Amino acid sequence: MFPVAIEEYRRPKTLSEARSALAGYDPDDIVMLAGGQSIMQAIKARMVRPRCIVDLQDLTELKGVRRDGGLTIGALTRYVAIAEDASLTGGYAALRDAAQHVGDRQIRNRGTIGGSVCWNYVASCLPAVVLGLDATVNLLAADGGERQVAIDDFLIGPLETARRPDELLVSLSLPGYGVGTGSAYRKWGLVTDALPVVGVCVLVTLAADGTCGAVRVSLSGLAAGAQRAPDAEAILLGSDGGDAAISAAFAAAAAAADAQADKWADSAYRRQLIVGLGREVAATAFDRARTGAKP
Ligand SMILES: Cc1cc2nc3c(=O)[nH]c(=O)nc-3n(C[C@H](O)[C@H](O)[C@H](O)COP(=O)(O)OP(=O)(O)OC[C@H]3O[C@@H](n4cnc5c(N)ncnc54)[C@H](O)[C@@H]3O)c2cc1C
């Protein structure tokens, strides 16, 4: 299919040009283009019919990873840049785990973390990962208004976020994770690097006595979209992070999950994936937390 006629293509080079580029049309008639790996399919299928496309790819200010006490990731940062950033260890390691296996090489070279989070497709990795890593979403509106939204409030459901149509996602901020914090992500797809049938992300921070002082567990691939697993978090919190606690946590997460049956997996299989992947991912996250900056 080919898109319906698009009246205007705009390609701003700076954030202030981007703000101007978002004016002049009803916000619902504008589509922002990042890597184009999801939205172009929707435009070609005429599910989305923009009058104006604002192509963000020249916004160099929105590219790259910056350390500022925590970590700020520009919305236009491509998966390949995250996958190749060997400094993303410890609490940030899950970002790299995910980016290394998003789609194929072409998708990783074009797709962006901001595009993935804004699209918020159920079977995608990065929304669940940034949910697990407790990100804050930094938004800029066409009128210059800025706002910060906690990721738990930003991800509303499949293909739905709290972003207003005229808001540009500028960056994602992560808290400062030092020694004693570790994270991990792993997905299972039908072929290597395919969209996740299920994915699991775990972030743990150890208390001074070596037990689990803080934890976030998130899941991808479930019909309701990226989501926390509070039952698993409750069991892991305060535990020694050993096999028994981890197994109990993911048995609870699997039992509580609203695991759909579809052509890729039935619900029993999805639950089994939550248990299997969860045990592996949690063990890796604890290991990374215990051993400092181990990638
Ligand atoms: C074959 C294939 C395999 C894939 N496999 C995986 C996988 O294994 N794991 C995975 O997680 N994903 C996978 N994806 C999806 C891929 O991650 C996409 O790159 C991602 O969903 C969208 O990112 P993008 O940069 O291409 O965004 P685009 O397609 O350009 O945009 C997506 C949406 O976000 C909006 N948007 C983008 N950037 C901004 C911004 N800065 N501010 C405001 N709005 C913005 C756009 O307007 C659009 O609505 C796959 C895709 C394909 C085609």
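A residue counts as buried if 20 or more other C-beta atoms lie within 10 Å of its own, and as exposed if 12 or fewer do. Keep that cut-off in mind. This is a predicted model.

Start with D134. D134 sits in the loop between α7, residues 126-132, and β6, residues 136-141. Is D134 buried or exposed? There are 20 C-beta neighbours inside 10 Å, so D134 counts as buried. Now the backbone. D134 is not a glycine, yet its phi is positive, about 65°. Most residues other than glycine have a negative phi.

Next, R46. R46 also has a positive phi of about 65°, and R46 is not a glycine either. Its loop runs between α2, residues 39-44, and β3, residues 52-55. The neighbour count for R46 is 11 inside 10 Å, so R46 counts as exposed.

One more loop residue: G69. Look between β4, residues 65-67, and β5, residues 71-74. G69 has 8 C-beta neighbours inside 10 Å, and therefore counts as exposed. How far apart are G69 and Q106 in space, C-alpha to C-alpha? The distance is 32 Å, with the two positions 37 residues apart in sequence terms.

Now the ligand. The shell around the ligand has 30 residues. The closest are G35, Q37, G103, G111 and G115. Which elements supply at least two shell residues each? Those are β2 at 30-33, α6 at 113-119 and β10 at 167-174. The largest share comes from α6, with five residues. By class, the shell divides into 18 nonpolar, 11 polar and one charged.

On to helix α11, residues 267-290. Does the length add up? What span should 24 residues give at 1.5 Å a residue? The expected span is 34 Å, because the rise is counted over one less than the number of residues. The end C-alpha atoms of α11 are 34 Å apart, which agrees. After α11 comes G292, with a positive phi near 70°.

Last, the domains. The domain assignment gives three entries for the chain: domain 1 at 8-55, domain 2 at 63-174 and domain 3 at 185-290. Taken over C-alpha atoms, the centres of domain 1 and domain 3 are 36 Å apart.

To recap the two positive-phi residues that are not glycine: R46 counts as exposed with 11 neighbours inside 10 Å, whereas D134 counts as buried with 20.

Note on methods:
Residues numbered from 1 in each chain as written. Predicted model: local features only at pLDDT ≥ 70, side-chain atom pairs only at ≥ 80, totals over all residues. Near = placed C-beta within 6 Å. Helix = DSSP H or I, 4+ residues; strand = E, 2+ residues; numbered from the N terminus. Nonpolar A, V, L, I, M, F, W, Y, C, P; charged D, E, K, R; others polar. Domains from an automatic or database assignment.
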